Amino acid sequence: YNVQGSAAIVWDDYWYKDMSGKAPTQVPKTVTHGQTLVIDCTEAALRSAINTLNNAGGIIRFKHNNTNQTILLNQSIEFIGNNKIFLVDGEGFVTIDGQNKNGLFVANDYVKLIFQNLTLTHGRGVTGSCLNLENRVGLIAINVTFIDNHNTGTADINGGGAVKMNKQSSACFANCKSVSYT
């Protein structure tokens, strides 16, 4: 299993590999980094949690009561935090939906992201319809389903049907699916 670039920094700082060299299927719940917030499944709660954790890093989990929940975003949300780690875990019950109006998330300046057990859908934007990773961002996505995310810009300049990586950003995807993207 080979992880390089900014994603390797996330791997080394936060994750582990077993002796077989295979990637784990999720970050263990016992592993913590920074503050852990358990939030309602609303845009306001998600935006507030990310703003609270910006510049410090931490973990976001959701109050889903073991039922499927959808968070509708009216605007992209930005992660900020030089060399900080953010883990967003939907535990298989959370969908984040850009409503075909905007991208979902933007990260910049050495942010380290882990998204796991989520569905990210209906992102639409000129620069990265779902995840826009700028300036050495490391992403690890585990058990993430990307559905119907579309780049509206020129692909060779802006790119990113589901994920746009720019300026030495990198990503590692484990057990992810991507359906209907441009």
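Leaving aside neighbours within four places in sequence, which residues is I39 in contact with?

**View 1. The surroundings of I39 in strand 1.** I39 has its place in strand 1, strands being DSSP runs of E with at least two residues and helices DSSP runs of H or I with at least four residues, both numbered from the N terminus. Apart from neighbours within four places in sequence, I39 is in contact with A45, L46, A49, I60, R61, F62 and K63, where contact means heavy atoms within 4.5 Å. With a relative accessibility of 9%, I39 counts as buried; buried means under 20% relative accessible area, exposed over 50%, and partly exposed in between, with a 1.4 Å probe and protein chains only. I39 and K63 are 24 residues apart in sequence, yet 5.7 Å apart in space from C-alpha to C-alpha.

The model is predicted: local features need pLDDT of at least 70 and side-chain atom pairs count only at pLDDT 80 or more, whereas totals for chains, interfaces and linings use all residues. Residues are numbered from 1 along each chain as its sequence is written, and side-chain values use heavy atoms, with hydrogens and water left out.

**View 2. The buried side of helix 2.** Helix 2 comprises residues 43-53, and its buried residues are E43, A45, L46, A49, I50 and L53. These residues lie on the same side of helix 2 because they cover an arc of only 165 degrees around the axis, the arc being that of the directions from the helix axis to the C-beta atoms. They pack against several strands, including strand 1 (35-39), strand 2 (58-62) and strand 3 (69-72). Just after helix 2, N55 takes a positive phi of about 70 degrees.

**View 3. The open sheet of 4 strands.** The strand order is 4-6-9-11, with parallel pairing; two strands pair if DSSP finds at least two bridges between them. Strand 4 (77-79) and strand 11 (163-165) stand at the edges with a single partner strand each, so one side of each lacks a neighbour in the sheet. Strand 9 (residues 131-133) is joined to strand 11 by 3 bridges, and L131 has V163 as its bridge partner in strand 11.

**View 4. F105 and the largest nonpolar core.** This core has 36 residues, and L46 and F105 have the most contacts inside it. A nonpolar core is a set of buried Ala, Val, Leu, Ile, Met, Phe, Trp, Tyr and Cys residues joined through side-chain atoms within 4.5 Å. Helix 2 gives the most to this core, with 5 residues.

Key:
Axes fitted to C-alpha atoms, helices over the stretch in contact; angles between N-to-C directions.
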